[in-house]
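Subject: Structure for you to look at

Hi,

Here is the structure I promised to send over. Have a look at it first, and then read on for what I found in it.

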Amino acid sequence: MSTPVLEIKDLHVEIEGKAILKGLTLTVKGGEVHAIMGPNGTGKTSLAQTLMGHPHYTVTSGQVTLDGQDILAMRTDQRARAGLFLAMQYPSEISGVTTANFLRTAINSLRGEGNQIPLKEFRDRLDETMKFLEMDPKFSNRYLNEGFSGGEKKRNEILQMLMLKPRMAVLDEIDSGLDIDAIKVVAKGVKSLNGPEFGSLVITHYQRILSYLKPDFVHIMMDGRVVKSGDYQLAEELESKGYEWVRAEFSTPL
Amino acid sequence: MDTIAETNTMAPLEQFILDHYGQEPEWLLARRRRYGSLYLELPLPVRQRTPLKNRKLDRIPVLVSQPVTDISPNSSMFNLVTVNGRSVHATLPESATAQGVVLLSLREALRQSPELVQEALGSVVDDTVDKFQALNAALWQDGLFLYIPPRVNLTEPITISHYATADATAVLPRTLMILDRESRATVNEQYVSEAGLDKCLWSCATEIILHDAAVLQYGAIQQLSASAEAFVRRAARIGRDARIDWNIGEFGAGMVVSEHLSVLDQPGGQTYSTTVFFGSRSQHQDYTATARHVAPHTASNMTARGVMKDSARSVFTGVTDIKKGAVGSDGRQKEKILMLSDTSRADAIPSLLIEENDVFAAHAASAGPIDAHAVFYLMGRGLSETEAVRLIVHGFLAPVIDTIPVGALRDEVWAQVERKILE
């Protein structure tokens, strides 16, 4: 497998006629961990949802490609099959469908007709992955996200990511509401995929998870675009100085 | 078809009854005439959310008689089959006949046990309730009669198929079941029809009498073609400590008005009811489930789950009716409806009518659209939209369908759900 490349070029997005993303440009390659930070309401979640094709968001201009393929022309399920994954900030609760049953259906959807995963292989991988993420085995027989605590939902997103093995993952506030032990487990999960065939874009408010993930690039988003990029140092700088510092710098030319 | 006649005057109706039912006992002929005239007198039923006026039901010829032919598919798989309302065969396994179980076409039962039929016919279902019920009482073609003797425990389900051919215009079967004291049985009725060019009027009646401590697992699956306009009425009288479980799957017909009623007029009687329905295209479905608590310490629990897509329309009314004197009774109901399209419509109407203080009653009802975010979430994991909707619908229905105790019925309900999702 080749190294994936996600390219976002001058992306403009609206929601119900209101501009949310205003010319965002970003490239994520396999082997790289990118972090996006920024205050609330600057379009971080909108970016994640747009990348996955949420029908609520309308792309008005710009391009997004994965390995040169135009993903904006794809349906959400086609994007997933192309190797894109979004760990959601608020995962849906699906009543009556067990986590195990859902995961098997999802894996088989990605593998396609006639290439279904054998049950034994599936069970083994599921058991192994859940053990790795320090999850209670009973978890897989519970209905998907139904009655899960915030932390359980986030862990379940990582479980899904490890089971589905995407090539490019967007993690939307995967750390919010987690205690330090849970953050370590989540970070361990993400790092286990790291390598030339996996790229990730981590959206967060907090520096803490980044201290475990050690991103190669940190971007600061404000008002629908990336206003500042740097290396991991930038996250530490933000932690000590706060967003006001960036805001001041960013708004001077305006 | 050998006769079609005007239906709006008494003379041809009377002549039709004489021609086709003339051999029947006098009491029954008189009964048919009485309901025939009631049918003519009564206006179209008024149903608040189901306008019947523009369905042109009066244009459907009802004075028809068709030859008895068994052309229904898989006929031999059923214990009893009616085709266009006429019973074509009735068979029971030897183990059942050896225990004294009786399964006959209703007309044959009239010959063999006239007193029993006379006593029971119309004693549970109210044939005066509306025009189409009166039509069934006047012109029922045939149907079945089932009798389970005291203490007999029938383990194998009794299966019944009601089938109609494409040219049928009026199908009026009648089911009469008597479970004697402490007996147990499972009965599944199925309704299937060929797609016709013209509308076909179905009016079906199922009457059930449960003597003391009898237990009936009653199942029904309705998968009539879109040309069917169906009126279905079922009622059970539940003896002391007796119990009925209704498991009803509703999938077909262009329009259906269906009611099932449990009359709990002896202490300790229980009724459990599960209705699963799935409407698509321009189907109109109007269901009513009623538990009437008359005696003390009676219990009812009614559950309905429905899925609506395209421009289908449904109404589900649950009625928990607790009469004065039904002390210590417990009546519960829960309805949930999931809508897969913006153009479908559903109403869930729980109704508690309580005249007694010392009772427990509870209801919950909801109708709402499928969660678009959940569909997106599942598609984000690679599931196609159809597959995502399918999973959500499965999850929605599973807690109810999986409680259906009869395996074959449960599988058939799932198969129908699957068919409707992909339709």
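One definition before the findings: the expected span of a helix is 1.5 Å times one less than its number of residues. Keep in mind, too, that this is a predicted model.

Let's try that rule on helix H6 of chain A, residues 180-193. With 14 residues at 1.5 Å each, H6(A) should span 20 Å, and its end C-alpha atoms are 21 Å apart, which agrees.

Which residues of H6(A) are buried? They are Ala182(A), Ile183(A), Val186(A), Ala187(A), Gly189(A) and Val190(A). Looking down the axis of H6(A), you'll find these buried residues within an arc of 155°, so they line one face of the helix. The general background is that an α-helix has 3.6 residues a turn, so residues three or four places apart point the same way. On the other side of H6(A), Ile180(A) and Asp181(A) are exposed. As for partners, the buried residues of H6(A) pack against H5, strand S7 (168-172), strand S8 (199-203) and helix H7 (208-213), which belong to chain A as well.

Now zoom out to chain A as a whole. Its secondary structure comes to nine helices and 10 strands. The radius of gyration of chain A is 18 Å, close to the 18 Å that the globule rule gives for 254 residues, so chain A is as compact as a globular protein of that length. Along the principal axes, the C-alpha trace of chain A spans about 60 × 40 × 35 Å. Of the 254 residues in chain A, 43% are buried. If you take the contacts in chain A with a separation of 6 or more, 71% of them are between residues 24 or more positions apart.

Next, the two chains together. How many residues of chain A are in contact with chain B? There are 22, and they meet 20 residues of chain B. Helices H2 (76-81), H3 (99-111) and H5 (150-164) of chain A each supply at least two residues of the side that touches chain B. H3(A) gives the most to that side, with five residues. By class, this side of chain A has 12 nonpolar, eight polar and two charged residues.

Last, the nonpolar core. The largest one has 190 residues, and Ile208(B) and Leu210(B) touch the most other members. Leaving out residues up to four places away in sequence, Ile208(B) touches Val124(B), Met177(B), Leu216(B), Tyr218(B), Ala235(B), Ala236(B) and Ile244(B).

Cheers

Definitions and conventions
Residues are numbered from 1 along each chain as its sequence is written. Chains are lettered from A and ligands numbered from 1 in the order in which they are written. This is a predicted model: local features need pLDDT of at least 70, side-chain atom pairs count only at pLDDT 80 or more; totals for chains, interfaces and linings use all residues. Two residues are in contact if their C-beta atoms, placed from the backbone, lie within 7 Å. Helices (H or I, at least four residues) and strands (E, at least two) are DSSP runs, numbered from the N terminus. Ala, Val, Leu, Ile, Met, Phe, Trp, Tyr, Cys and Pro count as nonpolar, Asp, Glu, Lys and Arg as charged, and the others, Gly among them, as polar. A residue is buried if 20 or more other C-beta atoms lie within 10 Å of its own, exposed if 12 or fewer, and partly exposed in between; C-beta atoms are placed from the backbone. The arc is that of the directions from the helix axis to the C-beta atoms. The radius of gyration is taken over C-alpha atoms; the globule rule is 2.2 Å times the number of residues to the power 0.38. A nonpolar core is a set of buried Ala, Val, Leu, Ile, Met, Phe, Trp, Tyr and Cys residues joined through C-beta atoms within 7 Å.
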